[in-house]
Structure formats: C-alpha cells, structure tokens
Amino acid sequence: MYLYNSATRKKEEFQTHTPGRVEMYTCGPTVYHFAHIGNLRSYVMEDVLEKFLRWSGYDVDRVMNITDVGHLSSDADTGEDKMLKGARREHKTVMEIAQYYTDAFFADCAKLNIKIPDVVQPATGLIPEFITMVQGLLDKGYAYVAGGNVYFDTSKLSRYYIFNEHDEEDLAVGVREGVEEDGNKRNKADFVLWFTKSKFEDQALKWDSPWGVGYPGWHIECSAISLKYNGEYLDLHCGGIDNAFPHHTNEIAQSESYLGHPWCKQWFHVHHLVTPEGKMSKSKGEFLTVSLLEEKGYDPLAYRFFCLQSHYRKALVFTWENLDNAQGAYNKLIARIAALTPGGGEVDQAVLQAQREKFAKAMGNDLNTSLGVTALYDALKVKANDETKLAILADLDRVLSLSLLEKAAAKREADAKAKESSAASGGITVTGEGDPAIDALVLQRAQAKKAKNFAEADRIRDELKAQGIEVVDTKDGAVWRRV
Ligand SMILES: [Zn+2]
C-alpha cells in the first residue's frame, strides 16, 4: 500500500516496524461538547484506513485517547480550559461533562459505522505515566521548570518543525486573540508539559506531582498513552490536519527526546470539512452534528457515503445540497442492490478475486475512497450471477462500512410488505401522509369507484374534502394530501 506521509511530504510504500502488524494511534476527541460532523470526517476516514489495513491482512493495534483534562481553548497552551468551560456552561462537574460527551461521541460513531479502537484511554486515567515521562524529559535535559510549570525546551532539538507548512508565526495566534504571552518560556515554541500555575485559579482536576499540585499539558497525554499501549515504535499516527501543528509536532519532540530514537514512521492527516463560508467550527454558523442530520431526515450513513466520495487530503465542502445528492445516490445504490436476488447459484471466485484486486489497487493508492466507491458500481455491472455480485459487495463493504447488504435486505422486505398490502386491498395502492383512518377512507372510495358505484365514491370524496383532504388518482394508485 502507498500512503502519503505528512512528515516526508511524499507518497511512500507503507511499512511497519513488525511485519504484518500495525501499531496505530489516533488523537481522540476533547469531550466538552458534541463533535461536529467536520471532526467526524477525520474519524470516518481513519476508520476506513484501519479497516482497509485489516482487510489487506494486517493485524492492527489501534489506540485512542480521550482528552478529559488540560486542553486549553488555544492549541498553544493559552486560553481557558475547554473542559472547565463546558462544565460551567452546563452546571455540571468536569467529570460529568467528560462522561456525557464521551458517550455522545461513541453514539455518533456507532451511527456512522465507525469501529471503536482496541484501546480507548481517557487522559485522567494515566496521570502517573505522564509524570514519569515529564520527569524523564527533565532528567535528560529536554525540559525545564519555570514559574512553577514544566516546559519542553525546543532549542534542544536539531529539528523541531516537522510539518513545514507551519512555522513560528502560527504560535502568535493566541496572542492576537488577546491572551497574554507566557513569559516563562525560554523559546517561543516551548510548550507546557505540566502546569501548576495557570491563568485560572479554579482548575477542577489537579494531581500531586514532583513539581507541585497541577495537571498535565495536552500534548504529553498522546505521547505517553501511545508509548504504553503501542510500544516504542509507532507505525501510523492519525489525526485531523489542524493537529499537525503544534500538537503532533510536540508529540514528536517529546517522544523522540524521551525514547532517544525515531518514534513514528507514518503521519496520516485528514483535511477539513468546510462550508462555503470557510472552516467549520463549533462557535460560528449552524452547529452541524449527526443528530441534526437525523432531525432533518438524513441517514447518517449518507454522510459517511458523502465523505468517502472525496479524497481525505482535500478539503471537502459541505452544503445541504451536496448532502442531498449523496443521500439520493446512496438510496439509488441500495435500491440497485435490493434488486439482486440472494441465494441463487455459486459465487464465481475468479470474478470475486478480480474485483478484490481492483479495489485493493484503488484503495492502496493513498486510500482513494472515491475509486473504492466506484468499485461498488463496478460490482453491479460484472458478468456474473447475483450471488457473486452480492459477495463482492459484502467483501468491499467490510472496508467501506455502508451497511449495503443490511439496508438492501431491509428494502426488499419493506417492498414485499407494500406489495402484500396492495394485493390485500384488491391491487389498489393508497399513499398519503401517514394517517391509517384516512388511508382506509381513500381505499373505500377507490374500491367503490372500481365497482362503478360512483355515488358512493363521490360521497366519500365529499367527506374527505370536508376534512381538508384532497385525493388524486394516479397510475400508481390513490394519493391523498392535506390542503
Ligand atoms: Zn494527540
């Protein structure tokens, strides 16, 4: 497989430290609010990557953190604590907030068919490990104590900026937002490993440490959690592109200084979901969540389908019109699969194998999911029996996770039921706005009409009219609506 590596800015052949095994780490959510669908785009694409690796025969050990402490509202160690802000807003404790939004995050993941990683570690559960790592960095001379906090000394590194599309100027963002610059830092890029002094006095969660009572910086949690569960050599680190700097840059600085050898080989960054107005955020514009999509009548899997139709290294523009198109295309795809007849004949293994190879080639070229989706349409067109087509679709859906066969089976069943009830009413179909009493009257009228009892048909029509119901006879049956 070839994958673009943000650290080298090249598409490279995917290699692992231990052959056949992938140690994979994903930056998890900061659980102070619902995830917006832009955040979830990253998790969808990372999920496809993990499933494709497994489908290709790798053992994958995937680890994710939950940031339930210490992430400030600016990535550059300044601003308010996001968790505390959430707790104040909702009059709950910080841990109540963390649990509530962790559960909400996984509920969203389930709706989007995102698999839960093998290990999910909340940051608050691993404080001793963070302290050990901070102490190790101090012992090795990569960190210093100033003004009560422990800082990482970036001047000790020969190369700090790994992802070079970012530079020191980005660190000034917090300053421009009106937050004071931290005078304890020896170098502008230095970052906090452990806070004992912070700008807010009422920090809710604090732990004892050799440097005083305080709490860990955000970056140290990912380094320490990955080290504990993935080991000293990480093959694949994932996250949204906004995490590349400073978060991932700082993770590399800490981990390699602590370990004394290169740490992570491959960096996979998913680009932003944007609106025509710009970058999606929780604070401006409509707050787009999975629940909002559902309220508006969309299937969350249509959003997954929408994500898969474009490449993870391109910004994806979200509009309701784009989502409508994705929902329409997804429904049509399901309808085409539902039209296949299961249970007839043997699977043609040669055809299945050929389609697998085509899919592997597309997805193995820097995870080209849009070609992966095209492979589904190809499967419908192959010269083979329905059983073979269904076998191909089932196989590819192990990676794409669009619930294709389940949805098609449900549609087949719903269609069969509709046919049955149409037969029971003498072949007359009634469609309306979901009121069984009106359905029954409309059916009586249609039956009377069919029996040429026009007086009775007109009487029922007037009765319906009095209730504000209009009936139109179409070639597909009687359709009623409220006027
Ligand atoms: Zn992280």
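Which residues is Val 134 in contact with, leaving aside its neighbours within four places in sequence? Hold on to that one for a moment, everybody, and thanks for coming. What you see above is a predicted model, so please listen with that in mind.

The answer is Ala 143, Val 150, Leu 193, Trp 194 and Ile 220, once the neighbours of Val 134 within four places in sequence are left aside. I start there since Val 134 turns up again in the nonpolar core. The largest such core has 104 residues, and Val 48, Val 134, Leu 193 and Leu 396 are the ones with the most contacts inside it. Helix α1 gives the largest share of this core, 9 residues. Where does the core sit? It lies between domain 1 (2–270) and domain 2 (301–310 + 318–409), because both of them give residues to it. Apart from it there is another core, of 8 residues, including Leu 441, Val 442, Ala 446 and Trp 480. As general background, nonpolar side chains tend to be buried together in soluble globular proteins.

Let me step back to the whole chain. We have 16 helices and 17 strands. The C-alpha trace spans about 95 × 55 × 35 Å along its principal axes. Of the 483 residues, 39% count as buried. And for those of you who like contact maps: take the contacts between residues at least 6 apart in sequence, and 72% of them join residues at least 24 apart.

Now the domains. The assignment gives domain 1 as 2–270, domain 2 as 301–310 + 318–409, and domain 3 as 425–482. The C-alpha centres of domain 1 and domain 2 are 35 Å apart. Between these two, 17 residues of domain 1 are in contact with 17 residues of domain 2. On the domain 1 side, β1 (2–5) and α1 (37–55) each supply at least two of the touching residues. Which element supplies the largest share of that side? That is α1, with 10 residues. By class, the side of domain 1 that touches domain 2 divides into 11 nonpolar, 2 polar and 4 charged residues.

Back to Val 134, this time through its helix. Helix α4 (residues 127–139) packs with helix α6 (residues 218–230) at an angle of about 105°, and their axes are 9 Å apart. That angle makes α4 roughly perpendicular to α6. From α4, the contact uses Glu 129, Phe 130, Met 133 and Val 134; from α6, it uses Ile 220, Glu 221, Ser 223, Ala 224 and Lys 228. Sorted by class, that contact has 5 nonpolar, 1 polar and 3 charged residues.

While we are in α6, have a look at Cys 222, which lies in that helix. Is Cys 222 buried or exposed? It has 28 C-beta neighbours inside 10 Å, so Cys 222 counts as buried. Not counting residues up to four places away in sequence, Cys 222 touches Cys 27, Asn 65 and Glu 251. Ser 425, by comparison, is 203 residues from Cys 222 along the chain, and their C-alpha atoms are separated by 63 Å.

Here are two more sites to click on. Gly 214 lies in the loop between β8 (191–195) and β9 (215–216). Gly 214 counts as buried because it has 22 C-beta neighbours inside 10 Å. Residues up to four places away aside, Gly 214 touches Trp 194, Phe 195, Thr 196, Lys 206 and Ser 209. You may recall Trp 194 from the opening, where it was one of the contacts of Val 134. From Gly 214 to Leu 441, 227 residues apart along the chain, the C-alpha separation is 71 Å.

The other site is Asp 108, found in helix α3. With 23 C-beta neighbours inside 10 Å, Asp 108 counts as buried. Leaving aside neighbours within four places in sequence, Asp 108 is in contact with Ala 35, Leu 40 and Val 290. The C-alpha atoms of Asp 108 and Lys 417 are separated by 31 Å, with their positions 309 residues apart along the chain.

One last stop is helix α2 (residues 82–90), where Lys 82, Met 83, Leu 84 and Gly 86 are buried. The buried residues of α2 pack against α3 (94–111). After α2 comes His 91, with a positive phi near 50°. That's my tour, and I'm happy to rotate the model for anyone.

Conventions:
Residues numbered from 1 in each chain as written. Predicted model: local features only at pLDDT ≥ 70, side-chain atom pairs only at ≥ 80, totals over all residues. Axes fitted to C-alpha atoms, helices over the stretch in contact; angles between N-to-C directions. Helix = DSSP H or I, 4+ residues; strand = E, 2+ residues; numbered from the N terminus. Parallel < 35°, antiparallel > 145°, perpendicular 65-115°, else oblique. Contact = placed C-beta atoms within 7 Å. Nonpolar A, V, L, I, M, F, W, Y, C, P; charged D, E, K, R; others polar. Domains from an automatic or database assignment. Core = buried A, V, L, I, M, F, W, Y, C linked by C-beta atoms within 7 Å. Buried ≥ 20, exposed ≤ 12 C-beta atoms within 10 Å, placed from the backbone.
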